[in-house]
Amino acid sequence: MAGAVAGYAGGMQDPEPVAEPELDPPHGVGPWEGEWPSDDRFDPELLAHGDRRNVVDGYRYWRMEAIVADLDTRRHGFHVAIENWQHDMNIGSIVRSANAFLADTVHIIGRRRWNRRGAMVTDRYQHVVHHETVAEFADWAKAARIPIIAVDNLDGALPVDQAELPERCVLLFGAEGPGLSHEALSAASGHVEITQYGSTRSINAGAAAAIIMHEWCRRHAG
Ligand SMILES: C[S@@+](CC[C@H](N)C(=O)[O-])C[C@H]1O[C@@H](n2cnc3c(N)ncnc32)[C@H](O)[C@@H]1O
C-alpha cells in the first residue's frame with residue numbers, strides 16, 4: 001500500500017461499537033438476482049440479503065476487507081492529522097472526508113478515543129493511527145520523510161490558494177476551540193489558511209479539513 005503506515009489494520013483500534021447506519025430513505029440494493037458471482041471479493045451474506053451500506057455502487061456486495069484492499073492500491077499521497085485534546089466532535093466528520101478524498105491515513109494526536117458518530121462507519125475503510133503526543137507524531141513524519149503542513153488561520157499562514165501543497169504531505173488540523181498548539185505549529189514546515197470574509201474567527205474544523213483535502217485533490221488527484 002503506497003505510503004500507508006506499516007503494520008496497521010485500518011481504523012479498528014478503538015473497540016467502541018457503532019452500527020452501520022440505515023440511511024434514510026433506505027438506499028442500496030436488495031439480494032443479488034441470478035447466479036452469484038464466484039469472485040471471492042463478494043460477500044455471501046450481502047449477496048443473500050442485500051447491501052445497504054454507505055459505499056459507492058462500485059463496491060456493492062464486496063467484503064469490507066476487499067474494499068480496503070482495493071482502496072489501498074490507489075490511496076492519495078496526503079495524510080490527515082488532528083490534535084484531539086478535548087473530545088473533538090469533528091474528528092468523525094474529518095475521517096469521513098478523509099475516506100471520501102482517499103487520504104492515505106488519518107493520524108489522531110492526543111486522546112485515543114474519539115467520537116465516531118460523524119464518521120458514518122467510514123473509519124472501517126480508512127487507516128487511522130494514534131500518536132500519544134505531538135513529538136511522537138512529528139517523529140513519525142520525520143522518519144517517513146513526509147512534510148507537515150499546519151492548517152490554521154493564525155499569523156504567518158499563507159492563503160492555501162497561494163501556497164504549495166506537496167504531493168506527499170500530512171495536513172495537520174487543530175482542535176475545535178484552542179486550534180493548533182504551539183508545539184504542533186512548530187513541528188510544521190508549511191502553514192496555510194482558508195481565507196474568510198465574514199465576522200466569525202474561524203470555520204468548523206471538519207469544514208476546514210474538507211476544503212483543504214479537496215484543494216489537494218484539485219491539484220494532484222488524477
Ligand atoms: C475553531 S478553529 C481554531 C481557532 C482559530 N485559530 C481561532 O483563532 O479562533 C479549529 C481548527 O479548524 C481549522 N480552521 C478553522 N478555520 C480555519 C481557516 N479559516 N483556515 C484554516 N484552518 C481553519 C484549523 O485547523 C483550526 O485549528
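What volume does the largest pocket have?

Before we start: this is a predicted model, where local features need pLDDT of at least 70, side-chain atom pairs count only at pLDDT 80 or more, and totals for chains, interfaces and linings use all residues. Residues are numbered from 1 along each chain as its sequence is written, and side-chain values use heavy atoms, with hydrogens and water left out.

**Exercise 1. Describe the largest pocket.**

Step 1: its volume is about 430 Å³. A pocket here is an open set of points on a 1 Å grid over the protein atoms alone, where a 1.4 Å probe fits, with protein on both sides within 12 Å along at least five of seven lines; lining residues have an atom within 4 Å of a point. Points are joined across faces, edges and corners, and the volume is the space filled by probe spheres set on them.

Step 2: 21 residues line the largest pocket, and D152, N153, G179, S202 and I203 are the closest to its centre.

Step 3: β7 and α6 are the elements giving two or more residues to that lining. Helices (H or I, at least four residues) and strands (E, at least two) are DSSP runs, numbered from the N terminus.

Step 4: sort the lining by class, and you get 10 nonpolar, seven polar and four charged residues. Ala, Val, Leu, Ile, Met, Phe, Trp, Tyr, Cys and Pro count as nonpolar, Asp, Glu, Lys and Arg as charged, and the others, Gly among them, as polar.

**Exercise 2. Place the second largest pocket relative to the domains.**

Step 1: this pocket has a volume of about 340 Å³, and among its 13 lining residues V56, Y59, L71, N99 and A100 lie nearest the centre.

Step 2: α2 (64-72) and α3 (90-100) each supply at least two lining residues, with α3 giving the largest share, three.

Step 3: domain 1 (28-74) and domain 2 (75-220), with bounds from an automatic or database assignment, both contribute to the lining, so the pocket lies between them.

**Exercise 3. Trace the sheet and find its edges.**

Step 1: the seven strands of this open sheet run β3-β2-β1-β6-β4-β7-β5, paired in parallel; pairing takes at least two DSSP bridges.

Step 2: β3 (127-131) and β5 (158-159) each have a single partner strand, so one side of each has no neighbour in the sheet.

Step 3: further in, five bridges join β1 (residues 78-84) to β6 (residues 169-173), and A81 has L172 as its bridge partner in β6.
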